Amino acid sequence: MLDVPALRSLFPALASDAAFFDGPGGSQVPQSVIDAIAGCLRDANANLGGAFATSRAADELMERARLAAADFTGGAPEGIAFGANMTTLNFQLAHAVARTMSPGDEIVVTALDHDANVSPWLVVAGDHDLVVRTAPLRVEDMTLDIDALEELIGERTRVVAFTLASNAVGSIPDAGRIAAAAHAVGALAWADAVHMAPHRRLRAREVGLDVLLCSPYKFFGPHLGIAAIRPDLAASLPADRVRPSAEDPPGHRFETGTQSHEAIAGALAAVEYLRELGDGDGGLDAAFALIEEHETSLTARFLSGLPDGVELYGIRTPEGRTPTFCFNIEGRGPRQVAELLAERDIYVWDGDYYALEPIRALGLAETGGAVRAGFLHYTTDEEVDRLLEALTDLAP
């Protein structure tokens, strides 16, 4: 089992009295990530390709970071692209793939997704006269209706864009089934892994994903975006780039200008932290087995203790979900609840969290959305009990 007190000692922010349930919006970072960022600025603060020591150090850092990002995503090192954030990368890549499509071609998105994997497709559809179709939810448990999604996929479908886990309600759809349905008609399987990344092992190639996008600041690193692109796809897509920039490896084609080397150093350190969590030898596989076990226990504890007067949206068992909970309290607005919890040093989000369609499906778009609390591997049983006690006090 995870030694939670020991790992919490590695995170400076966790020494405070705050209970951080805002993880779905961004995690805290261990000291090793902070040190890596500072170390890059101190020891490798140069651009790439130079003949001198700091440039060679920057080259080595970037190479190590690509290997780590490939290991973390389950992709190939030559298909890794770094960017400002997942949303910016997704707009960039969506514009690239749209330039290979013809008017009337179709893109399937889902109503479970964060808008970062919906709006890019709506924008390029408008630019290129494409058709966007949206797979619906089963509102009773806030899961994706994959049967309906498969019915939307046809001979004109070119991309199926979906999430590996909902950032609003935690639902985990069957990514392998969706990818297979996309590939059956020659379409790309395009996955947003941002919310899934801190909770489950990512396996882009094994699942059959052509593009996987994630954000290190959700898995204990800095603000940054990572795309794991199938290398032959990355090599074939048109890329907006300056003439002297490298065409090879193919993932580099989507890295415009100088990257944030210090943030990339922090992302590398975040992956190394997770590897060490798996005792080094077991690496990421062992780390995420431990994380899933711990988070499943926290989820069961929370769900079993939820008081009357709290309306939970989504799956009511630990299976098929991440430990992310969307709820409202009878008689109180979500912002009021978040403010009252903040007075107790309990940090949660409220609103729609850019998950527009799930909130609309719940009929909450006009009433301020909902409260969201999320657990991460550093969350303790005592913190869960503290949240439950506060919710009991606030419930009617």
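**Strands, rings and odd angles**

User: How do you know that strand 14 and strand 15 pair?

Analyst: Strand 14 and strand 15 are joined in the antiparallel sense by three bridges. Pairing takes at least two DSSP bridges between two strands, so three bridges pass the test. One of the partners is easy to find: G351 is matched with A370 in strand 15. By the way, this is a predicted model, where local features need pLDDT of at least 70 and side-chain atom pairs pLDDT 80 or more, while totals for chains, interfaces and linings use all residues. Numbering starts from 1 along each chain as its sequence is written, and side-chain values use heavy atoms, with hydrogens and water left out.

User: What makes strand 11 and strand 14 edge strands?

Analyst: They belong to an open sheet of four strands, ordered 11-12-15-14, with antiparallel pairing. Strand 11 (310-313) and strand 14 (349-351) each have a single partner strand, so one side of each has no neighbour in the sheet. From one strand to the next, the twist averages 35° (angles run from 0 to 180 degrees between N-to-C directions, along axes fitted to C-alpha atoms). As for the word "strand", it means a DSSP run of E with at least two residues, while a helix is a run of H or I with at least four, both numbered from the N terminus.

User: Which strands stand at the edges of the seven-strand sheet?

Analyst: That open sheet has mixed pairing and the order 2-10-9-8-7-3-4. Strand 2 (80-83) and strand 4 (131-135) are its edges, each pairing on one side only. Here the twist averages 20° from one strand to the next.

User: Why is strand 7 called largely enclosed?

Analyst: Six of the seven residues in strand 7 (157-163) are buried, so the rest of the structure largely encloses this strand. Buried means under 20% relative accessible area, exposed means over 50%, and partly exposed lies in between (1.4 Å probe, protein chains only). Strand 7 also has parallel partners: strand 3 (106-110) over three bridges, and strand 8 (188-192) over five. On the strand 3 side, I107 is bridged to V159. On the strand 8 side, V160 stands opposite A189, and A161 has W190 as its partner.

User: How does the chain cross from strand 7 to strand 8?

Analyst: The path goes through helix 7 (175-184), making a right-handed β-α-β crossover. Right-handed means that, with the strands pointing away from you, the path from the first strand over the helix to the second runs clockwise.

User: Is T163 buried or exposed?

Analyst: T163, in strand 7, has a relative accessible area of 2%, so it is buried. Outside its neighbours within four places in sequence, T163 touches L112, D113, P173 and D192 (contact means heavy atoms within 4.5 Å).

User: What makes the 3.4 Å between T163 and D192 a polar contact?

Analyst: The T163 side chain reaches the backbone oxygen of D192 at 3.4 Å. A polar contact is a pair of N or O atoms within 3.5 Å, with one able to donate a hydrogen and the other to accept it (residues adjacent in sequence count only through side-chain atoms on both sides). The distance of 3.4 Å fits that limit.

User: Why is the pair of F325 and F375 called tilted?

Analyst: Their ring centres are 5.1 Å apart and their planes stand at 55°. Rings of Phe, Tyr and Trp (its six-membered ring) pair with centres within 6.5 Å; planes under 30 degrees apart are stacked, over 60 edge-to-face, and the rest tilted. So 55° counts as tilted. F325 is in strand 12 (324-329) and F375 in the loop between strand 15 (370-374) and helix 14 (381-394), so the pair ties together parts 50 residues apart in sequence. Both F325 and F375 are buried. The structure has 13 aromatic pairs, and ring pairs also link F11, F220, Y273 and Y378 into a cluster.

User: What makes the phi of F220 worth a look?

Analyst: Most residues other than glycine have a negative phi. F220 has a positive phi of about 80° although it isn't a glycine. F220 sits in the loop between strand 9 (211-214) and strand 10 (225-229), and at 0% relative accessible area F220 is buried.

User: Why does D345 count as partly exposed?

Analyst: D345 has 31% relative accessibility, so D345 falls between the two cut-offs. D345 also has a positive phi, about 60°, and is found in the loop between helix 12 (334-342) and strand 13 (346-347).
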